[in-house]
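Hi,

Here is the structure I promised to pass on to you. Please open it alongside this email, and my notes follow below.

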Amino acid sequence: MAKFRKIGILSSGGDAPGMNAAIRAVARRALSQGIEVVGILGGYAGLIGAADEANPEHIKRHMLRPLDSSSVSNIVTRGGTILYSSRCPEFKTQEGMEKAIKVCHDHQIDAIVALGGDGTFRGATDLTNHGIPSIGIPCTIDNDITATDQTIGFDTALNNACSMIDKLRDTAESHARCLVTEVMGNGCGYLSLYLGIATGSIALAIPEIPFDKEYAIQKIDQARKAGKRGMIAIISEGMPKVNGMEYGEALAKEISARTIVDSRFNKLGHIIRGGDPTLRDRLTATQMGVEAVNLLLEGKSNMVMAILENRVTAVDINFALVLDKMYKNKLKDGDLEGFTDYQLAQMRARCEYRNAKFKRLYDLSYDICI
Ligand code: F6P
């Protein structure tokens with residue numbers, strides 16, 4: 001069993017409900033094994049900031065908060081992250097990395113568990129390569145990490161957005177309007193796809209599947225002529241702008257202009273990222289947090305936790321990052337070097353699985369949400 005004096009935990013990138021449950025699980029599992037735990041406040045920026053000569057000692061100390069069992073009491077129910085978060089471009093620089101490593105050495109932080117998305121995992125793999133074994137836990141509402149079926153925060157954001165869209169339907173019904181509603185996703189249509197089906201949206205535009213706008217407008221027009229009053233159209237964040245206008249805003253204007261249906265544009269925005277995590281997110285976060293510490297104890301690192309076939313497992317971070325690029329068509333020359341034929345086949349199969357799932361659900365929504 002690997003020996004660690006202290007494990008650091010940080011959250012980075014967009015916060016996600018369930019992060020606190022993961023922090024609690026990592027802290028309590030490590031403490032139960034006699035390992036000290038420190039929370040690094042403000043993500044990678046906090047880790048670097050704790051080394052910054054310009055920062056007074058009390059600020060530097062404040063960035064590293066020792067965690068005992070009671071410091072993570074009562075946080076399993078809370079959204080956001082008690083460790084705060086940031087996006088930190090400096091961490092990608094050599095200078096930033098040197099500062100981070102110095103802080104780890106100065107404070108006897110022997111390993112790090114990093115909560116976040118793909119940017120966070122790139123940081124975790126850099127730390128591992130510089131001698132600080134690290135494990136990533138996928139936390140983002142977007143569910144855009146290809147290596148896992150589910151990210152922490154996705155389920156809560158879905159439930160938050162679902163109840164808001166249901167409220168929009170009340171007012172849409174009263175005024176006989178079509179409310180075009182944009183949902184976050186950072187270029188990934190997962191949230192919108194699930195919400196489109198679950199809220200009965202008459203039209204659904206996501207980046208992964210070509211959107212037939214003419215068909216959608218025709219459908220809205222016909223639905224009104226058949227007596228339907230309130231309608232919801234869901235647009236995923238990341239759809240291309242139209243003449244400098246948000247896609248959803250342009251669509252709402254076009255619906256109003258070309259049909260007898262009055263339409264308005266809404267953006268749910270950050271509100272779906274907050275609030276109490278659902279049971280599912282709490283449970284997944286707890287399982288992943290415990291397993292992340294177990295992996296470190298087994299001497300494993302540079303891995304990202306994942307849910308595959310309903311089981312908690314872990315995937316090599318480099319594999320996960322390249323798989324993500326493959327899925328998002330962002331592969332660069334040389335990215336696939338060093339992987340075995342079997343791994344490449346696994347990546348392709350994973351991409352096909354994900355694409356097929358999107359298509360299957362999208363087709364289903366076409367027939368059902370009318
Ligand atoms: O990654 C989560 C997310 O909420 C995305 O859906 C969205 O595009 C982005 O973060 C917003 O980022 P920020 O909070 O930095 O504005």
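To begin with the ligand: how many Å lie between a polar side-chain atom of R273 and an oxygen atom of the ligand? The distance is 2.8 Å. Please keep in mind that this is a predicted model.

Two further polar contacts may interest you. D142 places a polar side-chain atom 2.6 Å from an oxygen atom of the ligand, and G185 contributes a backbone N or O atom at 3.2 Å from a ligand oxygen atom. On its own the ligand would expose 400 Å², and 73% of that is buried by the protein. The residues around the ligand are R87, T140, I141, D142, M184, G185, N186, E237, H270 and R273.

Next, the domains. The assignment for the protein chain gives domain 1 as 6-153 + 277-330 and domain 2 as 156-273. Their centres, taken over C-alpha atoms, are separated by 35 Å. In the contact between them, domain 1 takes part with 13 residues and domain 2 with 12 residues.

Now to the sheets. One is an open sheet of seven strands with mixed pairing, in the order β3-β2-β1-β4-β5-β10-β11. At its edges are β3 (64-67) and β11 (311-316), each pairing on one side only. Ignoring direction, neighbouring strands here are turned by 30° against each other on average. Strand β2 (residues 36-40) runs antiparallel to β3, and four bridges join the two; I40 stands opposite L64 in β3. Helix α5 (residues 118-129) lies across β4 (111-116), β5 (134-138) and β10 (303-308), and its direction is at about 170° to β4.

The other is an open sheet of four strands, ordered β7-β8-β6-β9, with parallel pairing. Its edge strands, β7 (203-205) and β9 (262-267), each pair on one side only. From one strand to the next, the twist averages 15°. Three bridges connect β7 with the parallel strand β8 (residues 231-236), and L204 is found opposite I234 in β8.

Two helices lie across β6, β7 and β8 of this sheet: α7 (residues 190-199), at about 170° to β8, and α8 (residues 213-225), at about 165° to β8.

Happy to talk any of this through whenever it suits you.

Best wishes

How values were computed. Residues are numbered from 1 along each chain as its sequence is written. This is a predicted model: local features need pLDDT of at least 70, side-chain atom pairs count only at pLDDT 80 or more; totals for chains, interfaces and linings use all residues. Side-chain values use heavy atoms; hydrogens and water are left out. Two strands pair if DSSP finds at least two bridges between them. Axes are lines fitted to C-alpha atoms, for helices over the stretch in contact, and angles run from 0 to 180 degrees between N-to-C directions. Contact means heavy atoms within 4.5 Å. A residue is near a molecule or strand if one of its heavy atoms lies within 4 Å of it. A polar contact is a pair of N or O atoms within 3.5 Å; within protein, one must be able to donate a hydrogen and the other to accept it, and residues adjacent in sequence count only if both atoms are side-chain atoms. Accessible areas come from the Shrake-Rupley method with a 1.4 Å probe; for residues, only the protein chains shown count as cover. Domain bounds come from an automatic or database domain assignment.
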